[in-house]
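Okay, everyone, thanks for coming. Let me put the model up on the screen, and then we'll walk through one strand and a few empty spaces.

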Amino acid sequence: MRTSIIRKSAGDLRLPPNLDAAAAANFTWSQARAELQGLPGGGINIAHEALDRHANGLRATHVALRHLDRRGHRRDITYAELTRSANKFANTLRALGVRKGERVFLLCARIPELYIAALGALKAGAVVSPLFSAFGPEPIKTRLALGDARVLVTTTSLYQRKVAAIRDAVPALRHVLVVPDAPTATVPSGTVDFGEALACAADVFATEPTTEDDMALLHFTSGTTGTPKGAVHVHGAVVTHFATGRYALDLHPEDIYWCTADPGWVTGTSYGIIAPLLHGVTSIIDEADFDAERWYRILQDEAVSVWYTAPTAIRMLMKAGVEMARGYRFPQLRFIASVGEPLNPEAVWWGKDALGLPIHDNWWQTETGGIMIGNTPAMDIKPGSMGRPLPGVEAGIVRKTADGRLEVIETPDTEGELALRKGWPSMFRGYLGQDERYRTCFDGDWYLTGDLAKRDADGYFWFVGRSDDVIKSAGHLIGPFEVESALMEHPAVAEAGVIGKPDPMSGEVVKAFVSLRAGFEASDALRLELLGHARKRLGAAVAPKEIAFLPSLPRTRSGKIMRRLLKARELGLPEGDTSMLEGS
Ligand code: ATP
Ligand code: MG
């Protein structure tokens with residue numbers, strides 16, 4: 001039966017959860033920091049914690065990365081091997097004259113070299129910026145220039161197709177290392193063979209003495225609401241990666257963990273590279289793109305125990321039908337989490353039906369560097385809620401008063417802007433080249449997230465919408481998430497994206513764009529049925545007035561529905577920055 005709460009009991013937990021009442025009560029950031037090793041002379045470095053701690057200890061021969069190539073061939077890399085390779089890359093950077101703080105960009109599919117280069121660059125004190133390999137030349141050029149790239153790691157084919165033509169436009173880019181990605185591929189002139197360079201380098205390296213305030217990562221936001229912003233992160237963020245890996249993802253030493261995100265999106269770095277290594281677990285890296293059968297096979301055959309994915313992937317699995325899931329077995333799977341977009345209650349329940357476990361939503365942003373709010377294994381789930389703040393995180397619902405002061409709203413179930421009290425270690429330290437914009441994200445002690453939310457009396461947070469997406473219709477404030485979730489409950493609907501369409505009478509009217517599940521056809525009758533379904537669920541004031549069918553909705557490369565694009569197209573306005581549009 002579908003209840004408004006999924007209660008957990010001891011029987012739902014295969015392992016004692018890392019986050020219990022005692023852990024929550026005793027948590028401090030400084031105690032989390034004390035569990036990390038730190039560098040010999042003081043200081044802290046993400047890659048040292050991720051690699052050296054294990055390579056010089058009991059985890060040396062444990063598999064760190066299990067890479068699956070497109071044909072499904074496996075390659076296991078142990079902690080000791082990964083550390084030696086990262087050291088070789090760090091020495092290569094040194095030999096090229098790369099200094100602390102200089103930027104190393106990565107433009108590769110999810111191949112082992114991407115992980116080696118990211119970790120080696122961090123050890124060398126360089127700043128890592130991973131890009132989606134599907135980017136075209138223009139967004140690559142913009143980001144390389146904005147980020148002052150000194151080094152680029154890519155593959156021969158990506159170089160030829162996307163970088164060669166723009167290289168002259170990025171004069172600061174001194175060194176390009178290429179991984180040959182076809183047996184006959186020759187290394188283009190003006191580039192260095194990645195493998196050959198590493199073969200000549202020593203496999204020991206004294207990690208650069210970075211401090212917690214030294215810049216480590218540069219991540220571009222998803223571009224859901226506009227031009228992507230370059231968020232600056234520091235080595236001290238590793239404390240958040242560590243604590244959230246433990247408490248939000250519940251990593252235990254023998255876990256087989258799979259984060260499906262690409263490192264071009266912050267999730268694929270914080271939780272696809274760093275957090276699992278900090279916990280010494282084995283991480284699955286799948287080079288191929290989404291394919292429902294392939295994903296079920298990986299979950300089953302690799303005996304994945306903790307799985308971190310995104311609503312877009314879950315919606316695609318739902319679209320493929322629950323029967324497909326039932327053809328596989330997942331006896332090892334014990335925890336599933338999701339991030340990136342609101343997770344519709346339907347999707348939480350689908351997890352239970354198809355995979356035997358509910359999906360645990362969590363919330364964070366490129367700017368926060370790590371998970372801030374989440375549903376953890378021992379918590380009861382209220383489907384549709386993003387959960388509660390993690391230990392060490394203080395979240396509030398705020399609004400500006402008429403005289404411009406920031407007020408924290410204490411009354412439960414009241415909408416306002418989601419804010420976080422400053423002080424968590426992975427908070428971003430700037431938007432590259434946009435100091436003023438960075439400053440406007442803060443008010444006193446609070447970081448303002450730009451998302452609207454509510455908190456209920458039990459301390460659970462409910463996502464309402466991004467402030468730019470909220471619809472104002474005839475005096476009502478309507479969050480698109482609520483409308484989309486209601487539409488998703490209908491068996492015909494695979495995905496829904498909702499916008500406000502300007503209207504002379506009501507200010508805005510709600511318009512929904514819908515893509516259908518396999519076996520359903522768009523028709524006027526179905527449109528009427530969906531309008532009726534929504535009206536029954538939401539009431540006439542909130543339900544969409546118009547519904548349009550689309551084969552699929554426009555999405556960012558990290559899988560988020562781009563409502564701003566639906567709106568621009570609807571109104572015949574310029575589409576704005578589409579560098580992050582999937583398939584562009
Ligand atoms: P941009 O800032 O360039 O418009 P973006 O905000 O989508 O892009 P990210 O940093 O990848 O870039 O995404 C963070 C945002 O994603 C959050 O501010 C929120 O709007 C949304 N989000 C993330 N997780 C959740 C969640 N669990 N529920 C609802 N929304 C979420
Ligand atoms: Mg954002």
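**One strand, then the holes**

So, let's begin with strand β3, residues 103-107, which is mostly covered, with 5 of its 5 residues buried. Bear in mind that what you're looking at is a predicted model.

Which way do the side chains of β3 point? Arg103, Phe105 and Leu107 go one way, Val104 and Leu106 go the other, and all are buried. And yes, that buried set includes an arginine, Arg103.

Now the neighbours. β3 runs parallel to strand β4, residues 127-131, and 5 bridges join the two. If you want a spot to look at, take Leu106: its bridge partner in β4 is Pro130. To get from β3 to β4 the chain passes through helix α5, residues 112-123, and that β-α-β crossover is right-handed.

β3 also pairs with strand β5, residues 149-155, again in the parallel sense and over 5 bridges. There, Phe105 stands opposite Leu152 of β5.

Okay, on to the empty space. Rolling a probe the size of a water molecule over the atoms is how you see where space is left.

The largest pocket has a volume of about 850 Å³. Which residues sit nearest its centre? Out of 45 lining residues, those are Gln365, Glu367, Thr449, Asp451 and Arg466. The elements giving two or more residues to that lining are α10 (266-278), β14 (360-363), β22 (446-455), β23 (461-466) and α16 (480-488). β22 gives the most, with 5 residues.

For those of you who think in chemistry, the lining of the largest pocket splits into 15 nonpolar, 17 polar and 13 charged residues. Domain 1 (27-450) and domain 2 (471-571) each put at least three residues into that lining.

Next, the second largest pocket, with a volume of about 720 Å³. Its lining has 35 residues, and Arg110, Thr260, Asp262, Asp289 and Arg557 lie nearest the centre. At least two lining residues come from each of β10 (256-259), α10, β11 (282-286), β12 (306-309) and α12 (311-320). You'll remember α10 from the lining of the largest pocket. Here, though, β11 gives the most, with 4 residues.

By class, the lining of the second largest pocket has 18 nonpolar, 9 polar and 8 charged residues. So where does this pocket lie? It lies between domain 1 (27-450) and domain 2 (471-571), because both give residues to its lining.

Last stop: the closed spaces. How many cavities of 30 Å³ or more are there? The count comes to 4. The largest cavity holds about 50 Å³ of space.

Its lining is a list you can click through: Arg315, Glu341, Pro342, Asn344, Phe481, Glu484, Met488, Ala496, Ile561 and Arg563. Sorted by class, that's 5 nonpolar, 1 polar and 4 charged. The element giving the most to this lining is α16, with 3 residues, and α16 also came up in the lining of the largest pocket. Domain 1 (27-450) and domain 2 (471-571) each supply at least three residues of the largest cavity's lining.

That's my tour. Shall we rotate the model and look at whatever you'd like to see again?

Notes. Residues numbered from 1 in each chain as written. Chains lettered and ligands numbered in written order. Predicted model: local features only at pLDDT ≥ 70, side-chain atom pairs only at ≥ 80, totals over all residues. Heavy atoms only, no water. Buried < 20%, exposed > 50% of the residue type's maximum accessible area, 1.4 Å probe, protein only. Pairing = 2+ DSSP bridges. Right-handed = clockwise from strand over helix to strand, strands pointing away. 1 Å grid on protein atoms, 1.4 Å probe; cavity = no way out; pocket = protein on both sides within 12 Å on 5 of 7 lines; lining within 4 Å. Points joined across faces, edges and corners; volume = space filled by probe spheres on them. Nonpolar A, V, L, I, M, F, W, Y, C, P; charged D, E, K, R; others polar. Domains from an automatic or database assignment.
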